[in-house]
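Here's a quick walk through a few strand pairings and one domain contact. Have the structure open and follow along.

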Amino acid sequence: MTHDQSFTNQKFKVVGTRVNRPDGVDKVTGRAKYGADATAPGQLVGLFLRSPHAHARIKKIDTSKAEKLKGVKAVITSADLPDHTNGALLDKLTNCMARDRVLYDGHAVAAVAAIDRQTAKKALKLIKVSYEVLPHVTDVDEAMKPGAPIVQPGTKTRGVDPKPTKDSNVAGVSTFGHGDLDAGFKEADVIIEKSYKTEQTHQGYIEPHACLASVGPDGSGELWVTTQGHYTYRTDCAALLGMDLAKLKVTSSEIGGGFGGKTHVWIEPIALALSRKANRPVKAVMTREEVFKASGPTCSTSMDIKIGVKKDGTITAGSAHIRYQDGAFPFIWGQLGAMTAFACYDLKNVQAVGYDVLVNRPKVAAYRAPSAPMAAFGVESTMDLLAEAIGMDPVELRIKNAAKEGTKASYGPTYGPIGIGPTLEAAKNHPHMKTKLKKNQGRGMACGFWFNFGGQTCTDINIGSDGTVNLSLGTVDVGGSRASMSLICAEELGIPYEQVKANVADTSSLGHNDTTEGSRGTFSSGMATIFAAREAIEELKNRAAQMWDIPVEEIEWIDGEARAVGQQHDNLPPLTLKEIAAKAAGTGGPIAGHNEVVADGAGVSFASHICDVEVDPETGGTKVVRYTVIQDAGKAIHPDYVEGQFQGGAAQGIGWALNEEYIYGEDGTLQNAGFLDYRIPVCSDLPFIDTQILEIPNPNHPYGIRGVGETSIVPPLAAIGNAVSNAAGVRMTHVPMSPPRILKAIEDAGA
Amino acid sequence: MQVSLTGGLRSAANGAETIDIEAETIRELMNKLLEAYPDMQDHMDPGIAVSIDGEIYRDSPAKKIPPNSEVFLLPRLQGG
Amino acid sequence: MTGVLVDTTVNGDAVQFACPTDETLLDSLRDRVGLTGVKEGCGTGDCGACSITLDGQLVCSCLVLGVEANGSEIGTVEGLADSESLHPLQEQFINHAALQCGICTPGFLVAAKALLDKNKDPSEEQIRYALAGNLCRCTGYDKIVRAVQAAAKDLRKKKK
C-alpha cells in the first residue's frame, strides 16, 4: 500500500507533549544494556595489535608464539580474512585490518581471542611484526604539495580535466556553484579574502566501540553491537566475511552516543572472524586510546574564502576553496563541505570547490552534519568581516542575503519552503541580543545549513490481546526516539502514550533499515510509524465490522475507537481499541500494522546561533557566558529531546571551537589519545544553553517533521569566532581557538 | 530534458555542466546516463542522488520525473 | 587466573569475588559481580562513567584495583533506588530528559548523590563543579544541572 507523505495540518493530542521516555527507568538504574554489557557462555576476550607507525610496509607478521600460548584460541591477521582485492569492500576491510602496509598510527595489524584479558594481552606481546617505516604526511596542505609521500599509490585525482596520469593524495576535486564569479567580484564595493584552518576532532561518544560476536561452524552468527545502523553492520560484516545476510542476526544494543562515528564497521568484522576461527563467542571492546586512534574522527581542513559585497549589503560573489583531509581512505567529505559552504545565502555568483585529500590519519567518518561546520567557520567569519567593512549589522547582512523559497541553492537545486530567514529574524529579535555585555566580553552570531535524509525504513505495530501496543523500529534510539515514535503511534491510534511500548528490533525481526544518520530517525521512522498505524486502524475497523456485522465502510476510527456512522447504527456503542483487541482471536487473529517506505523528501535544515564569550586577555582563555540556539524543527514531536539535540550539538561545537584537536607529532603519531589531553567541554565550562524551536512544516512529511540532529553543530565555530573577535579585538582564523592561539593573536595585534 | 551536473560528476561527462537525457523515471535516467558516460560508474558506487524540483531522492529509482522539472545530479550524501 | 579473594559490601549486600591483582575494581564489578551499570568510558579516570562510592568517597572505579576494595563498602547506581521507588535524582533525570544516550547517566547519578549527601542546597556553580569530573557528550549538561537542582529541592522537601 502506498501512502501520501504530504503535510496535512493535523491537530495533535499527544504529539508535542513532554512525556517520560520508555527506556528512562532502565537507564537511571543501570539496567540498560550497552555494547560492552552482554555476555555469552564461554566467551573469549578479543584484543587488537595496532601499528605504532604512521606509515610503514609490513614485512612479516609472526604469530606462532602467540598461537602457542595457553589460553589463546584464535589469532588473526589479514591473511586469515577473505581477499577483496579490486572489490568495492577492499577499503573497508583494509581499514579493519591492515594488509601490506599500515596507513596510520593505530591501524590494526592482528587480533587475538583468549580466555581472559590477561592472556590476550600477553598474546599481543608475543606477536612479532617487522615494519619498514615509510615517509608519512599528516597535514592536509603538506599532503597536497608535489613530492609529498603518497598515502594510497594508484590514486589519481578525480574531477579534473584532463585526467591526471600521476599519483596524488588529492583523491577528488568537486566544484559547485553558478553565475560569473569575475563579473560578480567586479560589482563589489568591498572584497574580503581570508584563509582559515580547522583541526581534526572526534565525535567523543562516551561509549567505546564494543561488540559480542558469535559464529558457529554452520555459518550462522549473531552480533550484539553498539551501532547507529545494525542493518548496515550486518550488510558489511556478511559481505566482508562471506556470510549469508539471513544467517547473521545483528542486535543493536543501547548505544552510548554515536554522532556519526558508529555508522561504519571497525572491530566488528574482526570479532566475528575471531569467533568463527575459535568457534567460541568473542567480546571485543575498544579502549579510549583505540577509539581516538582507530575509529573515524572528522576532517581537519584548510580553506580560502573570498566574498564581495556592495555598500548596501548585497553580496555580489562568493568563492570558497576548501581542502578536507579524509584520513587514509578517500571519501566525499570535501564535496559535502563545498555543497554546504554558501547554502544559507541567495547568491547570483558563487563557486565552492572541495578537495578530498589523503593523509596518514585514521579513516574519517561522519561527525554530525559532516563537513559543514568547517565551511561555515570560513564563510560566517568572513561575513562578519564584510559587515564590519561596510558598517552594517552582521544579522542584517545575513538577513539581506538569506536564501528563501525559490532561491537557487549554491549547490544547484531550487529551494522549497526553508527556515533560514525565520531563524535569522528570530535571532535578531531574541532578548539575548539586547543584554548588556561586560568588560572583555563579546557577542557573535552565525548561521548554518545541513541536509536531511530519509532512506529505507520499516516499522511494525503489533496489538496485544489486552490492547497494549508493541512498536518495533529499525532505526536505533540515540537520543530518545523511542519516546517520539511512541507519541506518534499513540497519536495515530488515538490511545494513551503509556499504552505503547517501543523497541528497536534486531535484523532478523524487521526488514532492512538504513543507518540512523543524516538526522533521519524521527523523520523516516516517524513516517513509517504513521503509515503502519494507519494500516492497523484499517484492520481494527475490519474487526469492528465483523463484531457488529455491518459493512466496514460504515465505520470510522475516532479517538481510539471504532464508531458506526449513520442513523441506522445509533444503537451501537463505540468499540475501543482494547475491546476489539480482546476479541481478535475470534475475528481473524492478531492485529498488526506494517510499513516499508523509502522516505525521500526530507528537505534541508537551518539554524542560527548567538553566543557571548569572555576572553581573558592575560591567559587567552575563553569562557562562554551565554548561548542561544534557534533552529527549525518542522514539528517538534518531543520538545525535550529536540532541545537536547540543539544543546548537545552546540556543546560539541563549543568544544571544537575552543579546545578539541588531534595533535600529531613529527613522527606522525597521535599525541593526545585520551580525554585528559583531548579535552571535551565539562559541566563547569558551559552555561545553560537557551533554545528556541521554530516549526516551519516540512511539506513532505504528514506531521511536517524535519530532522534536527545535526545542524546544531554547524554554526558554533563561527559564532564563537565572531564573539571572540568582538571581545578581544582579534580575528581568529584557526580552530580551535585555544588559549595559546588567542594569546598569540592578541600579542601579534599589539605588536 | 536538461539534467544539471554538480561537483565531481561533471568530469565524468567531459566537463559538461548540463546534459540532455530523456527519461521518465530516475532508473531510466541512471541507465541512460551510464550508457552515455561510462565514467559515471566511478560515481555510482558511492552513489548519486537526484534532485527533482528541489527534492533530493537517494533511493527512489521508480520515482517519475515530471516533464519540465528541474533535475540535478548530486553526490549521494552521508550524514552523522 | 591467579586470583585474590576480596570481601566487600556492595549496595548493602555482602559480596565476595576473586580477581587478579592487576584487575581494576571497575572490571571486577562488571565482570565478576555483574554490575554492568558501572560503565567504562576511558579507563583513565577522565570521564567519570565508572563513578562509585568507596566507603562513602566518590571515586572512579577504573583507578582502583579490585583487591583494594577488600573490607570496603561500595555504592553503585544499582543501589540508588530502594524497593519502593526511584531515588529523587533518578526521578528527576527522567522528568527533565537529562539523558539522551544514557551511558554517562549512572556516573552522573552517583556523583550527584555524593554532592547532595554533603550539600543539601548547592548553587548552580557548585553543581557544575561537582559534576565536572563526569563527561556527557549528548546533552550539553543543561538538563542534567536542572535535574540535579530539582532533585535537591525534592530531597529538602522530604526531610521537612
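Which residue in β4(C) does C:S51 stand opposite? The partner is C:C60. Bear in mind that this is a predicted model.

That pair belongs to a hairpin in chain C. Strand β3(C), residues 51–54, runs antiparallel to β4(C), residues 57–60, and four bridges join them. Two residues sit between the strands, and C:D55 takes a positive phi near 50° in this hairpin. β3(C) also pairs with β5(C), residues 73–75, again antiparallel, over two bridges. There, C:L54 stands opposite C:I74.

Over in chain A, three strands make an open antiparallel sheet in the order β20-β21-β22. Strands β20 (555–558) and β22 (575–576) of chain A are at the edges with a single partner strand each, so each has one side without a neighbour in the sheet. In the pairing of β20(A) with β21(A), A:I555 has A:A564 as its bridge partner. Helix α15 of chain A (residues 521–548) packs on this sheet and touches β20, β21 and β22 of chain A, with its direction at about 130° to that of β20(A).

Here are the antiparallel pairings with their bridges:

| Strand pair | Bridges |
|---|---|
| β3(C) and β4(C) | four |
| β3(C) and β5(C) | two |
| β20(A) and β21(A) | four |

Now for the domains. Chain A is assigned domain 1 (24–32 + 455–598), domain 2 (35–134 + 208–255 + 262–294) and domain 3 (301–452 + 603–750). The C-alpha centres of domains 1 and 2 of chain A lie 40 Å apart, and their contact takes 14 residues from domain 1 and 14 residues from domain 2. On the domain 1 side, those residues divide into four nonpolar, seven polar and three charged.

Terms used: Residues are numbered from 1 along each chain as its sequence is written. Chains are lettered from A and ligands numbered from 1 in the order in which they are written. This is a predicted model: local features need pLDDT of at least 70, side-chain atom pairs count only at pLDDT 80 or more; totals for chains, interfaces and linings use all residues. Two strands pair if DSSP finds at least two bridges between them. Domain bounds come from an automatic or database domain assignment. Two residues are in contact if their C-beta atoms, placed from the backbone, lie within 7 Å. Ala, Val, Leu, Ile, Met, Phe, Trp, Tyr, Cys and Pro count as nonpolar, Asp, Glu, Lys and Arg as charged, and the others, Gly among them, as polar. Axes are lines fitted to C-alpha atoms, for helices over the stretch in contact, and angles run from 0 to 180 degrees between N-to-C directions.
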